[in-house]
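Visitor: I would like a close look at a single part of this protein. Please pick one stretch and take me through what surrounds it.

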Amino acid sequence: MKVNRKLSNIHDLPKVDDPVFSANCPVAGIKHSGKARRGDGNDLTPNPKKLYTIGIELGKLNSVIEGLIPVSELPMNIRIKYRKEKNKLASRACRLKKKAQHEANKLKLFGLQREQKSLLMLITSIESLKLKKPDTRVAGCTADFVNNVLKLLLLGMRVVA
């Protein structure tokens, strides 16, 4: 995977390029010649329906694996074939878990990007308010503040409510 670092906005994520399918890959020997199967690993659009179906399929597969008879209870001539079949199912479950984790991460990324966007909009709206600075400064200048209040009081102005 190659990450494109050219960003116009520092808050946007960089785009991901697959070096196998990229026309300008700097590494020799990676370029794929001919027909290749493109996976959806580079696709960062979230698909909750896909995650749900993977979860259902994974649940079915786990129930099948749990329902299998332990290898130690089988006759010796069947054990090797049975173990091979069980390993196939376990490998499939492992691949499905990896796919499900990838889909969940895409959903998390989508949610975090949406939250980031709303927080940035909130920050810009707060910055646009341009709150009025207080006339008198108190923090770090408490003695001056007290003296100014006393001067205003001597002039007959009401300072404290």
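Guide: Let us start with the whole and then move in. The protein has three helices and two strands. Along the sequence they come in the pattern β-β-α-α-α. Keep in mind that this is a predicted model. The part to study is helix 2, which covers residues 76-129.

Begin with its length. Helix 2 has 54 residues, and at 1.5 Å a residue they should span 80 Å. The C-alpha atoms at its ends are 79 Å apart, so the expected span and the model agree. Helix 3 can be checked in the same way. Its 13 residues, 142-154, should span 18 Å, and its end C-alpha atoms are 18 Å apart, which agrees too. After helix 3 comes Gly156, with a positive phi near 95 degrees.

Back to helix 2. Which of its residues are buried? They are Tyr82, Leu89, Ala93, Leu96, Ala100, Glu103, Ala104 and Lys106. Part of what covers them is helix 1, residues 48-67. For the protein as a whole, buried residues make up 11% of its 161 residues. Its exposed area is about 13900 Å², and carbon and sulfur atoms supply 60% of that.

Take Leu89 from the buried list. Leu89 lies in helix 2. Its relative accessible area is 17%, and the limit for buried is under 20%, so Leu89 counts as buried. What does Leu89 touch, once neighbours within four places in sequence are set aside? Its contacts are Leu61, Val64, Ile65 and Leu68. Look at Leu61 in particular. Leu89 and Leu61 are 28 residues apart in sequence, but their C-alpha atoms are 7.2 Å apart in space. Pairs with a wide separation in sequence can be counted over the whole protein. Among contacts with a separation of 6 or more, 51% join residues 24 or more positions apart.

Now look at the charged side chains. How many salt bridges does a search of the whole structure find? It finds three.

One of the salt bridges joins the side chains of Glu57 and Arg92, with N to O at 2.4 Å. Glu57 is in helix 1 and Arg92 is in helix 2, so this pair ties together parts that lie 35 residues apart in sequence. Glu57 is partly exposed, at 34% relative accessibility. Arg92 is partly exposed as well, at 32%.

Another salt bridge brings together the side chains of Lys50 and Glu103, at 3.6 Å from N to O. Lys50 is in helix 1 and Glu103 is in helix 2, so this pair links distant parts of the chain, 53 residues apart. Is each partner buried or partly exposed? Lys50 is partly exposed, with a relative accessible area of 22%. Glu103 is buried, at 2% relative accessibility.

The next salt bridge is between Lys106 and Glu103, whose closest N and O atoms are 2.9 Å apart. Here both residues lie in helix 2. They are three residues apart, about one turn of the helix. Their side chains also make a polar contact of 2.9 Å. Lys106 is buried, with a relative accessible area of 4%. Put the pieces together: Lys50, Glu103 and Lys106 are linked in a network of salt bridges.

Last, follow helix 2 to Ile126, which is also part of this helix. Ile126 is partly exposed, with a relative accessible area of 49%. The limit for exposed is over 50%, so a value of 49% leaves Ile126 in the class between buried and exposed. Ile126 belongs to a nonpolar patch on the surface, together with Leu119 and Leu122. The accessible area of the patch is about 280 Å².

So what should you look for in the model? Find Leu89 and its contacts Leu61, Val64, Ile65 and Leu68. Then find Glu103, joined by salt bridges to Lys50 and to Lys106. Finish at the surface patch of Leu119, Leu122 and Ile126.

How values were computed
Residues numbered from 1 in each chain as written. Predicted model: local features only at pLDDT ≥ 70, side-chain atom pairs only at ≥ 80, totals over all residues. Heavy atoms only, no water. Patch = residues over 30% accessible without salt bridge, like charges linked within 9 Å, V, L, I, M, F, W, Y side chains within 5 Å. Areas by Shrake-Rupley, 256 points an atom, 1.4 Å probe, with all protein chains shown as cover. Salt bridge = Lys/Arg side-chain N within 4 Å of Asp/Glu carboxyl O. Helix = DSSP H or I, 4+ residues; strand = E, 2+ residues; numbered from the N terminus. Buried < 20%, exposed > 50% of the residue type's maximum accessible area, 1.4 Å probe, protein only. Expected span 1.5 Å × (residues − 1). Contact = heavy atoms within 4.5 Å. Polar contact = N/O pair within 3.5 Å; in protein donor to acceptor, adjacent residues only side chain to side chain.
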